[in-house]
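Thanks for coming. I'll talk for a few minutes about one model, so please have it open while I speak.

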Amino acid sequence: MIRGLYAITPDEVDTDLLLAKVEAALQGGISVLQYRNKQASYQLQIQQAGAILPLCKQYQVPFIINDSVELCLTLGADGVHIGADDGNINEVSARLGANKILGASCYNHFDLALSAQQAGATYVAFGACFASSTKPHAPVASLELFKQAKAQLHIPAVAIGGITLTNAPSVIQAGADSMAVINAIFHADDVKLAAQQFAHLFKESNLKATT
C-alpha cells in the first residue's frame with residue numbers, strides 16, 4: 001500500500017549527486033520513491049533509475065517510474081505513475097500486469113479518480129494542493145478531495161504540489177494517505193533530516209489515531 005512520505009526525485013543530471021540525495025532520503029524514512037527527471041535523456045534515465053533501483057530494494061521502499069511504462073518494465077521497477085497525457089489508463093494497466101503499482105494523477109477531478117480505480121490503479125493523486133514551483137500552472141486541488149476519497153475509494157489518495165513542513169499537517173488531517181514531496185526534501189540543506197521531519201508527521205498522526 002502507498003502510505004506515508006512519497007518522495008519524487010528532482011531534475012538532476014549529476015547522477016552521483018542524485019544517488020547521494022536519494023540514499024539520504026531513504027535513510028530519512030521515505031515510504032515510496034518516484035523517479036522523475038524531465039531534463040534527462042532516455043539513456044540517462046536508464047542509467048539513473050537503474051542505479052536507484054538497488055538502493056530502493058536495499059531499503060525495501062517501492063520504486064516507481066514517472067510517465068514511462070517502457071522504462072518501468074525494462075528495469076523491473078515496482079510500478080509507474082501516469083498523468084492524463086501518458087496514455088489510456090486501461091491500456092497501461094493491462095501492459096503492466098497485476099503485480100505492478102499503478103498510480104494516476106487526477107488533478108482536481110474526483111471523477112478521474114473513480115475511473116482510475118475502476119481501471120485498476122493502485123493509488124490516485126490529487127494536486128496541486130498548494131502553489132508549486134515544479135508545476136506553477138497546475139490546477140488547484142481542494143483538500144476536501146481527500147475526505148471524499150476516504151468515503152468513496154478503496155485505494156490510497158496521495159497529495160501533491162507545494163507541500164512543505166508548514167502545510168503538511170493540514171494535508172494529513174484532511175485524510176491524505178500519502179504526500180508527494182520534491183523540493184522540500186531534495187533541495188533541503190540536510191536531505192535526511194528533511195525526510196525524517198516529514199515522516200515524523202505521519203508517525204505522530206498514527207499515534208493520535210490509536211490513542
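I'll go through the barrel, then some helices, then a few single residues. Keep in mind that what you see is a predicted model.

Start with the strands. There are 8 of them, and they close into a barrel. Going round, the order is β1-β2-β3-β4-β5-β6-β7-β8, with parallel pairing. From one strand to the next, the twist averages 25 degrees. As a general reminder, strands of a sheet pair through backbone hydrogen bonds, and that pairing can be parallel or antiparallel.

Take one pair as an example. Strand β6, residues 123-126, pairs with β7 in the parallel sense, over 3 bridges. Where does Ala125 find its bridge partner in β7? At Val158.

Now the helices that sit on this sheet. Helix α4, residues 89-96, packs on it and touches β4, residues 79-82, and β5, residues 101-107. The direction of α4 makes about 165 degrees with that of β5. Helix α5, residues 110-119, lies across β5 and β6, and α5 runs at about 160 degrees to β5.

Staying with β5, look at Ser105, which is found in that strand. The side chains of Ser105 and His81 are joined by a polar contact of 2.7 Å. Setting aside residues up to four places away in sequence, Ser105 touches His81, Ile82, Gly83 and Ala125. You have met Ala125 already, as the bridge partner of Val158.

Next, the cysteines. How many disulfides does a search of the whole structure find? The number is 0. Cys106 is in no disulfide, and the nearest cysteine sulfur, that of Cys129, is 12 Å away. Seen from the other side, Cys129 is in no disulfide either, with the sulfur of Cys106 as the nearest, at 12 Å. A disulfide needs the two sulfurs within 2.5 Å, so at 12 Å this pair does not qualify. Are these cysteines buried or exposed? Cys106 is buried, with a relative accessible area of 1%. Cys129 is buried as well, at 8%.

Last, a residue in a loop. Asn167 is found between β7, residues 157-160, and α7, residues 168-174. Its relative accessible area is 13%. The cut-off for buried is under 20%, so Asn167 counts as buried although it is in a loop. Which residues is Asn167 in contact with, leaving aside neighbours within four places in sequence? Those are Phe130 and Gly162.

That is the end of my tour; I can take questions now.

Conventions
Residues numbered from 1 in each chain as written. Predicted model: local features only at pLDDT ≥ 70, side-chain atom pairs only at ≥ 80, totals over all residues. Heavy atoms only, no water. Helix = DSSP H or I, 4+ residues; strand = E, 2+ residues; numbered from the N terminus. Buried < 20%, exposed > 50% of the residue type's maximum accessible area, 1.4 Å probe, protein only. Contact = heavy atoms within 4.5 Å. Pairing = 2+ DSSP bridges. Axes fitted to C-alpha atoms, helices over the stretch in contact; angles between N-to-C directions. Polar contact = N/O pair within 3.5 Å; in protein donor to acceptor, adjacent residues only side chain to side chain.
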